[in-house]
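Here are my notes on the model you sent, set out as numbered points. Please read them with the structure open.

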Amino acid sequence: MSATEPLLKVRGVETYYGKIIALKGVDLDVFEGEIVTLIGANGAGKSTLMMTVCGTPQARNGSIVYAGEDITLKPTYEIMRTGIAQSPEGRRIFPRMSVLENLMMGGMVAGNDHFEDDLKKAFDLFPRLRERKNQRGGTLSGGEQQMLAIARALMSRPRLLLLDEPSLGLAPIIVKQIFEAINELNKNDGLTVFLVEQNAYHALKLAHRGYVMVNGVITMTGTGKELLSREEVKAAYLEGGRH
Amino acid sequence: MQAVKKPSLLESSLKDAAGGALVTLALAAVMIGMKVDVASGRGAELFIEYRWFAVAMAVVVVFAGRLVMNLFFWRTDNSVAAAVSGLMPKSKAGSGLGAALKPLLLIVAIALPFALMFWLGARGSRQYIDLAILVTTYVMLGWGLNIVVGLAGLLDLGYVAFYAVGAYSYALLAQYFGFSFWICLPLAGILAAFWGIILGFPVLRLRGDYLAIVTLAFGEIIRVVLLNWYEFTGGPDGISGIPRPTFFGLEFTRGEGGFADFFGLDYSSIHRIIFLYYLILIMALMTNFVTMRLRRMPIGRAWEALREDEIACRSLGINTTNTKLTAFALGAMFGGFAGSFFATRQGFISPESFTFIESAVILAIVVLGGLGSQIGVVIASIFMIGGFEFFREFEEYRMLVFGLLMVVIMVWKPRGLVSTRAPSVSLSKSAKGISADLVQEGHG
């Protein structure tokens with residue numbers, strides 16, 4: 001694979017919910033080792049794009065290529081075995097299973113060989129989870145649940161981590177912790193991260209590059225810094241949220 | 001708030017009860033008090049029969065009933081429902097008991113026939129061993145269904161279909177090909193599992209209520225087919241003369257070459273009953289063993305995860321269709337085993353044994369026991385099936401008691417008798433079961 005070829009290449013993707021079009025031809029690249037963020041308002045189609053990458057729903061037109069392989073029409077469970085991991089919107093941890101069991105579920109695809117190492121790594125990243133390893137997932141706080149969701153996704157040893165709104169409903173200090181963890185993963189392990197966020201300020205500060213989505217179309221792209229300084233972005237996604 | 005004087009509990013209850021009695025009087029005076037009848041012998045003349053005593057009875061009953069309800073349930077802060085749950089053992093105590101309960105139950109189960117024989121003799125113990133066989137059959141069915149409903153979270157209202165498939169598989173294979181029980185047992189299980197997969201493929205895309213309705217329909221379809229395919233299954237006449245199981249080739253018959261003869265015992269029909277008891281006990285324990293082992297394996301954990309959150313499962317790379325199918329097929333297989341045991345025990349089967357009420361009873365056992373709890377299924381089976389049999393003399397009140405029990409349990413323990421889920425894996429020894437009381441349904 002040449003250096004210019006992106007790890008994840010989304011081209012002209014159109015996704016429908018029944019007759020309603022949610023994505024109207026989206027182009028997006030994520031290069032190896034990058035943190036790329038996608039920001040936009042509610043209902044812009046951010047999560048839909050992420051879910052389309054994962055194969056539910058599948059794109060009606062266009063193509064999604066991951067590591068040189070077309071995954072557009074693959075079933076979800078196969079896509080999630082190619083080195084893509086996802087922390088879905090709303091966390092979706094298994095509430096009645098213990099933290100450890102949640103992590104084991106995450107590691108199912110990777111098999112047993114590295115489980116102990118991966119578990120140690122996950123606990124080092126989020127020490128809170130180590131304290132609560134035998135606790136039921138549903139009894140964790142929101143922030144801990146988010147940490148668990150990310151840790152669970154990491155257990156499959158992904159090359160590309162998809163994060164859907166990890167800051168949702170969390171206190172600013174926890175958001176900071178989680179974003180620091182993402183940054184750490186990217187810096188130390190070279191993990192590629194595709195981050196969907198409403199919290200535009202934090203996301204753009206963290207990301208190397210960003211995309212802005214409006215009504216199912218990418219309207220702007222640039223480095224995180226560039227986008228942060230753009231007047232349109234400020235007006236639409238930053239100032240409004242910081243009263 | 002103290003400014004308005006609150007009428008005392010007794011006063012307000014009396015007032016309310018009196019009001020209720022008055023309404024009853026008004027209604028009963030017309031509806032009960034006067035009965036129009038046709039006078040016989042006087043040219044079919046109509047006349048009114050007055051029954052004031054019955055009216056008085058009705059009024060008294062309503063007054064007393066309402067008073068009691070007011071005093072103890074509706075108007076008081078510490079209602080009887082709370083008092084009842086206060087009397088019941090706390091779940092903490094239950095879990096401590098649980099550790100000792102399992103081996104204790106196992107010992108009791110193993111020793112049961114001999115204990116009964118010792119105390120009651122062969123003749124007296126027969127009916128109790130029969131009852132124990134019945135209860136154990138339901139334990140096995142409950143454990144089988146627990147895989148589908150309790151672990152994988154797929155609501156199956158037609159579980160009896162697989163029970164029927166197992167029973168008819170054995171009966172028909174024995175009838176047409178003369179196969180013995182031991183050959184048919186695995187075949188019946190495989191056939192039931194096969195039917196589980198056949199049903200599973202199209203319907204497992206459905207969830208919750210929709211799945212429940214389709215499985216309910218499937219259960220009925222199997223029964224109706226068995227009922228109407230007269231040439232093959234004998235329809236409502238059923239199949240009789242199903243061969244009895246043998247003990248390593250030894251039949252339980254009188255005379256030479258039989259079980260009693262081989263071991264030098266006096267022939268007694270109780271031998272066969274005891275043999276059947278141990279047979280179903282072993283089959284049930286196998287079911288339990290397999291389930292418990294699978295729960296600790298990735299597939300079992302995937303079932304439980306699937307029950308919790310299907311979308312999350314898919315995003316973790318789990319093939320949800322296959323996972324559901326394995327749960328469905330495995331549950332069906334154990335249902336099939338139990339069915340073929342049922343056939344060999346009864347010696348006669350007909351579609352009447354596989355009605356919807358059977359599915360409902362098995363599901364009730366699983367739900368009352370606590371979804372996913374193995375020991376809960378045992379306790380629920382003993383209470384429900386044992387209770388059914390003990391109340392057999394009060395035939396008409398049986399369902400009443402059953403319904404009342406259900407209500408009491410659902411008030412007292414809304415998530416079943418054993419609602420604590422022990423993690424299938426833990427890193428430290430101090431890992432405890434997580435009581436369901438701590439977590440609300442739907443909120444994790």
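1. Which residue takes a positive phi in the hairpin of β4(A) and β5(A)? The model is a predicted one, and in it the residue is Ala67(A), with phi near 50 degrees. Two residues lie between the strands of this hairpin. Strands β4(A) and β5(A), the latter covering residues 69–70, run antiparallel and are joined by two bridges. Tyr66(A) stands opposite Glu69(A) of β5(A).

2. The hairpin belongs to an open sheet of four strands in chain A, in the order β2-β1-β4-β5 and with antiparallel pairing. The edges are taken by β2 (20–30) and β5 of chain A; each has a single partner strand, so one side of each has no neighbour in the sheet.

3. Next, the pairing of β1 with β4. Strand β1 (residues 8–17) and strand β4 (residues 61–66) of chain A run antiparallel and share five bridges. Within this pair, Val10(A) is opposite Ile64(A), and Arg11(A) has Ser63(A) as its bridge partner.

4. Helix α1 of chain A, residues 46–54, packs on the sheet and touches β1, β2 and β4 of chain A. The direction of the helix makes about 75 degrees with that of β2(A).

5. The loop between α1 and β4 of chain A contains Pro57(A). The peptide bond leading from Thr56(A) into Pro57(A) is cis, with omega near -5 degrees. Please look at this bond in the displayed model.

6. Two further residues of chain A deserve a check of their backbone. Arg91(A) is not a glycine, yet has a positive phi of about 70 degrees. Its place is the loop between β6 (84–87) and α3 (99–106) of chain A. Is Arg91(A) buried or exposed? Arg91(A) has 26 other C-beta atoms within 10 Å, and a residue counts as buried at 20 or more, so Arg91(A) is buried.

7. Glu165(A) also has a positive phi without being a glycine, with a value near 45 degrees. Glu165(A) sits in the loop between β7 (160–164) and α7 (172–189) of chain A. With 22 other C-beta atoms within 10 Å, Glu165(A) is buried.

8. Last, the contact between the chains. Chain A and chain B contribute 28 residues each. On the side of chain B that touches chain A, α11 (298–308) and α12 (310–315) of chain B each supply at least two residues. The most comes from α11(B), with six residues. By class, this side of chain B has 14 nonpolar, eight polar and six charged residues.

Conventions: Residues are numbered from 1 along each chain as its sequence is written. Chains are lettered from A and ligands numbered from 1 in the order in which they are written. This is a predicted model: local features need pLDDT of at least 70, side-chain atom pairs count only at pLDDT 80 or more; totals for chains, interfaces and linings use all residues. Two strands pair if DSSP finds at least two bridges between them. Two residues are in contact if their C-beta atoms, placed from the backbone, lie within 7 Å. Ala, Val, Leu, Ile, Met, Phe, Trp, Tyr, Cys and Pro count as nonpolar, Asp, Glu, Lys and Arg as charged, and the others, Gly among them, as polar. Axes are lines fitted to C-alpha atoms, for helices over the stretch in contact, and angles run from 0 to 180 degrees between N-to-C directions. A residue is buried if 20 or more other C-beta atoms lie within 10 Å of its own, exposed if 12 or fewer, and partly exposed in between; C-beta atoms are placed from the backbone.
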